[in-house]
Amino acid sequence: MPFVSPPQSPLQPLRLPLTKASGIALFCKRDDLYTPAPGTALQGNKVRKLEPVLRAALEVDTPPLLVSFGGAYSNHISALATAGKRYGLPVHLFIRGEEVDNPLLQQALKDGAGITRLSRSDYRLKKQPHWLDQQRKELARQYDLPEGTIWYIPEGGTTVNGARNVGELFPEVVNDLGVPPDFLCISAGTGGSAAGIIQAADVKTRVEVYPALKGDWMEAEIKQLLPAGASTNWGCITDYHFGGYGKFPQEWVIPSAGMATRADIGVEGLPPLETVYTAKLFAGVLDRIRQGKYPAESSVVVVHTGGIY
Ligand SMILES: *Cc1c(COP(=O)(O)O)cnc(C)c1O
């Protein structure tokens, strides 16, 4: 099946008592609805990041083996396995944790992905070219493919092209709004999506990046991904990690039918949010609205990056 880009995702106005009181116009860029395959893990920023590599893989004569890395609950891992099945591309996944098993990994196996579980210390070897070369040889043998057709995709799907492709959502927002927004807020894991948006953003738009992880290194990480001349009108808001990656306040949790934890943080009009990225982002933005960080009359766009977990 060829890769066909999904239609532009909607920009949804959010009318909350809080936004009325503060006089701002709040919008959600519903990139959770950006998907070529509704109802699957191939959605949100993971589609935007994978688009360039999927297109390239579908253009070559011998389909490459797409190899990537992630934690046992990685949205990227699920998205890539789903894409492999949908587009007929072989996929192999290196998963952090020797013992891990869960419905997400079961689904990836069902989708036909090969899986190697690595101990936490072995998982760190993926930064070493020598280790990657060794694995490439091993995978070529295992899948009976020439070594040149083994393609590595970094953790989180964050490549230079993938990140830049996430920036495509910025002109979509401007198109719907008529003007560039005053503020655009986005969550960050690797920072790839944020870097793509900063590159694409109008200099008048202040891009606020909300890391889902604890620490002060995200800004440097994003700078590494930015080309020379990118907008400098951006910054990291590091106060809303809620304890670190995967941690969140228990009072957010609502009963959910699926296997994933869902949060209600009082954003009427949106489906329940996942707790790793988007719930933290929205909680942060709402808190900053309460603190009066956004001047009256300003437009604030929050990017819903999607997320299965
Ligand atoms: C992966 C993911 C992110 C993080 O994206 P990065 O490009 O790695 O910063 C944010 N939100 C959701 C829902 C995700 O699945």
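This passage walks through a predicted model, from a covered strand and the ligand site to a small sheet and several loop residues. Because the model is predicted, local features need pLDDT of at least 70 and side-chain atom pairs count only at pLDDT 80 or more, while totals for chains, interfaces and linings use all residues. Residues are numbered from 1 along each chain as its sequence is written, and side-chain values use heavy atoms, with hydrogens and water left out.

A good place to start is strand β3 (residues 65–70), where 6 of 6 residues are buried. Here buried means under 20% relative accessible area, exposed means over 50%, and partly exposed lies in between, with a 1.4 Å probe and protein chains only. Helices (H or I, at least four residues) and strands (E, at least two) are DSSP runs, numbered from the N terminus. In a regular strand the side chains alternate between the two faces of the sheet. In β3, Leu65, Val67 and Phe69 on one side are buried, and so are Leu66, Ser68 and Gly70 on the other.

Strand β3 has two parallel partners to look at, where pairing requires that DSSP finds at least two bridges between the strands. With β6 (residues 150–152), β3 forms 3 bridges in the parallel sense, and leucine 65 stands opposite isoleucine 150. With β4 (residues 91–96), the parallel pairing extends over 5 bridges, and here glycine 70 faces isoleucine 95. Between β3 and β4 the chain passes through helix α3 (residues 75–87), giving a right-handed β-α-β crossover. Right-handed means that, with the strands pointing away from the viewer, the path from the first strand over the helix to the second runs clockwise.

Turning to the ligand, 15 residues surround it, and the closest are Lys46, Lys49, Thr190, Ser193 and Thr305; a residue counts as near if one of its heavy atoms lies within 4 Å. Several polar contacts can be picked out, a polar contact being a pair of N or O atoms within 3.5 Å; within protein, one must be able to donate a hydrogen and the other to accept it, and residues adjacent in sequence count only if both atoms are side-chain atoms. Lysine 46 places a polar side-chain atom 2.7 Å from a ligand oxygen, and asparagine 45 does so at 3.0 Å. Glycine 189 contributes a backbone N or O atom, 2.7 Å from an oxygen atom of the ligand. Taken alone, the ligand exposes 390 Å², of which the protein buries 98%; these accessible areas come from the Shrake-Rupley method with a 1.4 Å probe, and for residues only the protein chains shown count as cover.

Elsewhere, an open sheet of 3 strands follows the order β10-β11-β12 with antiparallel pairing. Its edge strands, β10 (253–254) and β12 (273–274), each pair on one side only. Strand β11 (residues 262–263) is joined to β12 by 2 bridges, with alanine 263 opposite leucine 273.

Some individual residues are also worth a visit. Asparagine 165, in helix α7 (residues 160–166), counts as buried because its relative accessibility is 16%. Beyond neighbours within four places in sequence, asparagine 165 is in contact (heavy atoms within 4.5 Å) with Arg48, Glu51 and Pro52.

The loop between α11 (278–290) and β13 (299–303) holds serine 298, which is buried at 5% relative accessibility. Leaving out residues up to four places away in sequence, serine 298 touches Gly23, Ile24, Ala25, Asp182 and Phe183. Glutamate 297 sits in the loop between α11 and β13, but is exposed, with a relative accessible area of 73%. Most residues other than glycine have a negative phi. Glutamate 297, however, has a positive phi near 80 degrees. Aspartate 144 also has a positive phi, of about 55 degrees; this residue lies in the loop between α6 (129–143) and β6 and is exposed at 70%.

Finally, aspartate 202, in the loop between α9 (192–200) and β8 (206–211), is partly exposed at 24% relative accessibility. A polar atom of the aspartate 202 side chain lies 2.8 Å from the backbone nitrogen of lysine 204. Beyond four places in sequence, aspartate 202 contacts Phe170 and Pro180. Proline 180 itself belongs to the loop between α8 (169–177) and β7 (183–188).
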